[in-house]
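Please look through the sequence and the model below before reading on, and keep both at hand while following the text.

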Amino acid sequence: MARKKLSEQIEKVKDSNKIEAKSSLKISKIDTSKKLSSDKKTSKKSYKIDLRILPPSNLGPFAISGLAIAPAIIKLCKVKKIDVIGIVDRFQGDFIDKLQKLSYDYPITILPALDIQLKVDKYEDIILTCFFESTETSDTLKDFLNLLEVDNDCYAKEYYPTKLTLDEVLEHLDAFNGFAIPSRCDKTPNRKCAIRILVERYGFRTFEVAYQDDTKAMFKKLWPKEHFNIFSFSNANALAQVGNRAEKIKLNELNFSGIKEFMTRMPLGSNTLNMQ
């Protein structure tokens, strides 16, 4: 009799465990469904960028008689479906201020930028394009140039030269919450020689180049296991050139922090470079 009761109790426990297992399975399915739904919500979207547009000068090709250049650039970007542009200042940033005001009426992000010319190790004439938040104005650019000890007579020239080291420039840029991209880095033998240092010592993973296919092949040969962003932007100094060469990047959300993270340098000592 006692054995019969014990057997019945065991069967009840088994049935109870089966019910709990089925319940747990259902919960597991629900959780998986929620996770899939969440993944869809955080899927990245593609954005079109041209981060190298030069401001007009009185003598430059941008200076078309009778045409308001600032609104024309904004409207052209809208037609070409460009989401982000970088305006590389050479005239103390006043043109950037005009564009910033106009951009409020259009779904376009404008990043103020400066071309800094400096020496990296023994290699001279290295161009580092420094980008700032879209809310920054010409005053920010002037403050940054002052920190880099750029002479006033260098304004309106092709680049802003500094005698500071790359480490010092990057430190100041971090204080401004900006980011940097080596630009036109395959235009001269000197700049090409500096690429290895920029990658291996400073952790740059995004470069702006003139000869995209050849430079991509060079990076692939030197660092076959690494991922790089090798971009070629319009370098526009005429209205029709804006957006002629643009790139696409994928972000969870279009904002400065997302763009900065996409362009970020790898922390020193954490890369897996093939040191040859």
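The paragraphs below go from the chain as a whole to its cores, then to one helix and the pocket, and at the end to some single residues.

The model is a predicted one, and its confidence is therefore a suitable place to begin, since pLDDT is the predictor's own confidence in each residue. The protein chain averages a pLDDT of 82, and 75% of the residues score at least 70. Two stretches call for caution. Over residues 19-40 the pLDDT stays under 50, and the model has zero contacts for them beyond four places in sequence. Residues 272-276 also have a pLDDT below 50, but this stretch has 15 contacts in the model beyond near neighbours in sequence.

With that reservation in mind, the overall architecture can be described. The protein chain contains eight helices and nine strands, and of its 276 residues 43% are buried. When contacts between residues at least 6 apart in sequence are considered, 71% of them join residues at least 24 apart. The surface that the protein chain exposes comes to about 15,800 Å², of which carbon and sulfur atoms supply 51%.

What lies in the interior? The largest nonpolar core has 55 residues, and those that touch the most other members are Ile85, Leu128, Cys130, Phe144, Leu166, Phe204 and Phe207. The elements that each supply at least two residues of this core are the helices α2 (69-79), α3 (94-103), α4 (138-147), α5 (166-175) and α6 (189-200), together with the strands β2 (84-89), β3 (109-120) and β4 (123-131). Among these, α2 gives the most, with six residues. Leu166 can serve as an example of how distant parts of the sequence meet: leaving out residues up to four places away in sequence, Leu166 touches Leu118, Val120, Leu128, Leu198, Tyr202 and Phe204. A second core, separate from this one, consists of 18 residues, including Leu51, Val88, Phe231 and Phe256.

Helix α3 is a useful element to follow more closely. Its buried residues include Phe95, Ile96, Asp97, Leu99, Gln100 and Ser103, and the buried residues of α3 pack against α2, β2, β3 and α4. In considering such a list, it helps to recall that an α-helix has 3.6 residues a turn, so residues three or four places apart point the same way. Asp97, which lies in α3, is 40 residues from Thr137 in sequence, yet the two are 5.9 Å apart in space, C-alpha to C-alpha. Residues up to four places away in sequence aside, Asp97 touches both Thr137 and Ser138.

The same helix is also part of the wall of a pocket. The largest pocket has a volume of about 190 Å³, and of the 13 residues that line it, Gln100, Ser103, Tyr104, Ser134 and Thr135 are the closest to its centre. The elements that give two or more residues to this lining are α3 and β3, and the largest share, four residues, comes from α3.

Two threonines show how polar residues can be placed under cover in this model. Thr109 is found in strand β3 and counts as buried because its relative accessibility is 19%, where the limit for buried is under 20%. Apart from neighbours within four places in sequence, Thr109 is in contact with Asp83, Val84, Ile85, Ser134 and Leu254; of these, Ser134 is also one of the residues closest to the centre of the largest pocket. Thr140 has its place in helix α4 and is buried as well, with a relative accessible area of 11%. Its contacts, not counting residues up to four places away in sequence, are with Phe132 and Phe176.

Finally, two residues deserve attention for their backbone. Most residues other than glycine have a negative phi, and most peptide bonds are trans. Lys81, however, has a positive phi near 60°; this residue is found in the loop between α2 and β2 and is exposed, with a relative accessible area of 66%. Asn177, likewise not a glycine, has a positive phi of about 60°, and its place is in the loop between α5 and β6 (179-182). At 32% relative accessibility, Asn177 counts as partly exposed.

Definitions and conventions: Residues numbered from 1 in each chain as written. Predicted model: local features only at pLDDT ≥ 70, side-chain atom pairs only at ≥ 80, totals over all residues. Heavy atoms only, no water. Buried < 20%, exposed > 50% of the residue type's maximum accessible area, 1.4 Å probe, protein only. Contact = heavy atoms within 4.5 Å. Areas by Shrake-Rupley, 256 points an atom, 1.4 Å probe, with all protein chains shown as cover. Core = buried A, V, L, I, M, F, W, Y, C linked by side-chain atoms within 4.5 Å. pLDDT = per-residue confidence, 0-100. 1 Å grid on protein atoms, 1.4 Å probe; cavity = no way out; pocket = protein on both sides within 12 Å on 5 of 7 lines; lining within 4 Å. Points joined across faces, edges and corners; volume = space filled by probe spheres on them.
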